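Colleague: I would like to go through this structure term by term. Please set each word against its definition as we go.

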Amino acid sequence: MSSSALDILAIAAHRDDVEQTCGGTLLKMAQRGHRTGILDLTQGELGTRGSAQERAAEAAEAARILQVSWRQALDIPDGQVENTWLNRLKVARVIREQRPRVVILPYWRGRHPDHYTASVLGYEACFLAGLSKLGKQGVSSQESEVSVEAHGFSRGKPDAAEPAALAAVAELPPHRPFKIIYATLYYDVRPTFVVDITDQFEGRLQSIYAYKSQFTDQAAGAGDFPAHAEIRQRVATTAGFYGLLAGVKYAEPFLQKEVGLVEDLLQIPIKSV
Ligand SMILES: [Zn+2]
C-alpha cells in the first residue's frame, strides 16, 4: 500500500475546481516526480451544462493532461456538499487508501456553499482518518462519534449507510496527512505563498478546456459561463496577478495556517525592494 501512496491529494467539490484553482501546481509536482491525485466530492449532475457522464470523461482527460496518477469522484450530491458524519467517513476512507503526505483543500470561505463546506469537510476527514480506534472492536460508531464530538466536530443526521462506511474506513490502517494547504484562487484573500506555474500555464489551460461541455461557446447558461475566447484571458489575468506578487510570470495562490520556517536567511525568495 505504501508503495502506491500519493504524495499530494487535491480535494474539491466539483470536477473542474482543481483545474481552475491548482491545476498548474499539480502538473508541476507531477513533472518533479511526485505522485499526485484528485478527489472530486461530487459528480456534477446538477450542472447547467453537460451530464455527469460527460463530465466524467472530461475529468479523465483533464487528469491525463495534468499527469495525475489517481482520480476519483465520490457520490455526494452536487449542490448538497454537507459536513456530515457519513461524508467525513467517505473522505477519510480515501485518505486512508491513498495515504497522501500533502492535502490541498479549497479555502474555507467563498461564494459557493459546496466550496467552503468541502474545505471544512476535508479538514475534519483528514483528522478522522488518523484516529486509530475509529470503528475498531470495542468502539461502536456511537462511541466514536462521542469522542469525535468531544474534539469539536459537528454531528449530521444519522444515515443508514453509516455502518458500511465506518466498516470501510476501519479496515484500513490509520493515516493523517503531514500537511494541509488551501487553494485560495476562488476567494479574494491574500495567499501566504504562491507556486510559480509559468512553465505549466499552457497545460493548466488545456486541462480547463478539456471540460468541453462547460467551456465551449453555446446558448445554455451563456450568462454564467465565459465564452471560450475569454477563458485564456481570465486565467492569464489571475495567474498573472499572483505571479506579480512573487516576481514570476504566472502563479497559483495558496494559504497555510502554520507560519513559515526558515533555516537560512540568504535563501528566502522574492525580493523586498
Ligand atoms: Zn466548483
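Colleague: What kind of unit do strand 2, helix 2 and strand 3 make?

Modeller: Strand 2 (residues 36–40), helix 2 (residues 52–65) and strand 3 make a right-handed β-α-β unit. A crossover is right-handed if, with the strands pointing away from the viewer, the path from the first strand over the helix to the second runs clockwise. Strand 1, helix 1 (residues 17–31) and strand 2 form a right-handed unit as well. Helices (H or I, at least four residues) and strands (E, at least two) are DSSP runs, numbered from the N terminus.

Colleague: What should I know about the model itself?

Modeller: It is predicted: local features need pLDDT of at least 70, side-chain atom pairs count only at pLDDT 80 or more, and totals for chains, interfaces and linings use all residues. Residues are numbered from 1 along each chain as its sequence is written, and side-chain values use heavy atoms, with hydrogens and water left out.

Colleague: How do you know that strand 2 pairs with strand 1, and in which sense?

Modeller: Two strands pair if DSSP finds at least two bridges between them. Strand 1 and strand 2 have five, in the parallel sense, so the definition is met. One of these bridges joins L9 to G37 in strand 2. Strand 2 also runs parallel to strand 3, with four bridges, and L39 stands opposite Q72.

Colleague: What is the order of the strands in the sheet?

Modeller: The order is 3-2-1-4-5-7-6, in an open sheet of seven strands with mixed pairing. Strand 3 (70–73) and strand 6 (193–196) each have a single partner strand, so they stand at the edges with one side lacking a neighbour in the sheet. On average, neighbouring strands are turned by 25° against each other, direction ignored; the axes are lines fitted to C-alpha atoms, for helices over the stretch in contact, and angles run from 0 to 180 degrees between N-to-C directions.

Colleague: Where is the antiparallel pairing?

Modeller: Strand 6 and strand 7 pair that way over four bridges, with P253 as the partner of V194. Strand 5 (residues 179–183) and strand 7 (residues 251–255) are antiparallel over two bridges, and A183 stands opposite F254.

Colleague: Why is strand 2 called largely enclosed?

Modeller: Five of its five residues are buried, so the rest of the structure largely encloses it. Buried means under 20% relative accessible area, exposed over 50%, and partly exposed in between (1.4 Å probe, protein chains only). T36, I38 and D40 are on one side of strand 2 and G37 and L39 on the other. Strand 7 is largely enclosed too, because five of its five residues are buried.

Colleague: What makes one face of helix 6 the buried one?

Modeller: Helix 6 (residues 162–170) has E162, A165, L166, V169 and A170 buried. Seen down its axis these fall within an arc of 135°, so they line one face; the arc is that of the directions from the helix axis to the C-beta atoms. The exposed P163 and A164 are on the face turned away.

Colleague: Which element gives the most residues to the largest nonpolar core?

Modeller: Helix 3 does, with seven. Such a core is a set of buried Ala, Val, Leu, Ile, Met, Phe, Trp, Tyr and Cys residues joined through side-chain atoms within 4.5 Å. This one has 34 residues; L9, L39 and V91 are among those touching the most other members. A second, separate core of 33 residues includes A12, I38, I65 and F201.
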